[in-house]
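Please work through the following exercises with the sequence and the model at hand. Each task is followed by a solution in steps.

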Amino acid sequence: SFSDMELAAKAAALGVCAALMALLLKKSNAELALCLGLGAAAAILLAALGLAEDILDAAERARELSGLSPALFSPVVKCVGIGLICGLGSEACKDAGSGQLASAVELAGAAAALVCALPLISALLDTVEGIV
């Protein structure tokens with residue numbers, strides 16, 4: 001388990017080294033360069049997942065202190081996750097030279113986030129209905 005500063009430093013070092021190696025490889029073997037970049041990104045993400053528990057614990061504490069229902073708080077956390085995942089996927093598609101796939105990933109992420117936010121929209125409508 002890495003500390004947050006240690007993880008950031010190692011992620012930055014791995015990212016820069018992999019990017020430089022991919023740049024050198026790109027001229028002779030573009031496919032291998034892409035695989036190197038994706039592999040490094042996957043390794044960095046796996047290491048970062050170790051911090052997810054701390055983040056979720058803090059989010060749960062904030063939810064408890066705010067008095068928000070888990071049914072309202074959970075979609076917010078899910079939407080953030082969807083945004084991060086689809087953003088990374090889209091960037092990987094762009095790096096592979098497929099802007100069309102990147103756009104499709106972004107569109108799917110937007111649709112998934114909207115569906116995920118439906119409980120929030122419903123709660124807002126219930127509140128407005130109660131006021132009127």
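The exercises below concern a predicted model, and they proceed from the overall fold to single residues.

**Exercise 1. Fold and overall dimensions**

Task: Determine how many helices and strands the chain has, and assess its radius of gyration against the globule rule.

Solution.
Step 1. The secondary structure consists of 5 helices and 0 strands. Read along the sequence, this gives the pattern α-α-α-α-α.
Step 2. The radius of gyration of the chain is 19 Å, whereas the globule rule gives 14 Å for 132 residues; the value is well over the rule, so the chain is more spread out than a compact globule.
Step 3. Along the principal axes, the C-alpha trace spans about 65 × 35 × 15 Å.

**Exercise 2. Burial, contacts and surface**

Task: State what percentage of the residues count as buried, and describe the contacts and the accessible surface of the chain.

Solution.
Step 1. A residue counts as buried when its relative accessible area is under 20%. Of the 132 residues, 13% count as buried.
Step 2. Consider the contacts between residues at least 6 apart in sequence: 53% of them join residues at least 24 apart.
Step 3. The accessible surface comes to about 9300 Å². Carbon and sulfur atoms account for 72% of this surface.

**Exercise 3. Charges and a salt bridge in helix 2**

Task: Give the numbers of positive and negative side chains, then characterise the salt bridge between Glu-60 and Arg-63.

Solution.
Step 1. The chain carries 7 positive and 13 negative side chains. The centres of the two sets lie 8 Å apart.
Step 2. The count of salt bridges comes to 4.
Step 3. One of them pairs Glu-60 with Arg-63, with the closest N and O atoms 2.8 Å apart.
Step 4. Both residues belong to helix 2 (residues 30-66), where they are 3 residues apart, about one turn of the helix.
Step 5. The accessibility of each partner is then classified. Glu-60 has 32% relative accessibility and counts as partly exposed, while Arg-63, with a relative accessible area of 13%, is buried.

**Exercise 4. A salt-bridge network**

Task: Identify which residues are joined into one network by salt bridges that share partners.

Solution.
Step 1. Begin with Glu-91, which forms a salt bridge with Lys-94; the closest N and O atoms are 3.6 Å apart. Glu-91 and Lys-94 lie 3 residues apart in helix 3 (residues 70-95), a separation of about one helical turn.
Step 2. Classify these two partners. Glu-91 is partly exposed at a relative accessible area of 42%, and Lys-94 is partly exposed at 41%.
Step 3. Lys-94 also meets the side chain of Glu-106 in a salt bridge, at 3.5 Å from N to O. This pair links distant parts of the chain, with Glu-106 in helix 4 (residues 99-116) and Lys-94 in helix 3, 12 residues apart.
Step 4. Glu-106 counts as partly exposed, at 39% relative accessibility.
Step 5. The salt bridges share partners and thereby join Glu-91, Lys-94 and Glu-106 into one network.

**Exercise 5. Sequence separation and spatial separation**

Task: For Ala-12, Pro-119 and Cys-86, report the helix, the accessibility class and a C-alpha distance to another residue.

Solution.
Step 1. Ala-12 is in helix 1 (residues 4-26). Its relative accessible area is 43%, and Ala-12 is therefore partly exposed. Ala-12 and Ile-44 are 32 residues apart along the chain, and their C-alpha atoms are separated by 8.9 Å.
Step 2. Pro-119 lies in helix 5 (residues 118-131) and is partly exposed, with a relative accessible area of 39%. Pro-119 and Val-105 are 14 residues apart in sequence, and the C-alpha distance between them is 23 Å.
Step 3. Not counting residues up to four places away in sequence, Pro-119 touches Ala-71, Leu-72 and Pro-75.
Step 4. Cys-86 is placed in helix 3. With a relative accessible area of 17%, Cys-86 falls under the 20% cut-off and is therefore buried.
Step 5. Cys-86 and Ala-8 are 78 residues apart in sequence and 21 Å apart in space, C-alpha to C-alpha. Neighbours within four places in sequence aside, Cys-86 is in contact with Val-105 and Gly-109.

Terms used:
Residues numbered from 1 in each chain as written. Predicted model: local features only at pLDDT ≥ 70, side-chain atom pairs only at ≥ 80, totals over all residues. Heavy atoms only, no water. Helix = DSSP H or I, 4+ residues; strand = E, 2+ residues; numbered from the N terminus. Rg over C-alpha atoms; globule rule 2.2 N^0.38 Å. Buried < 20%, exposed > 50% of the residue type's maximum accessible area, 1.4 Å probe, protein only. Contact = heavy atoms within 4.5 Å. Areas by Shrake-Rupley, 256 points an atom, 1.4 Å probe, with all protein chains shown as cover. Lys, Arg positive; Asp, Glu negative; His and termini not counted. Charge placed at Lys NZ, Arg CZ, Asp CG, Glu CD.
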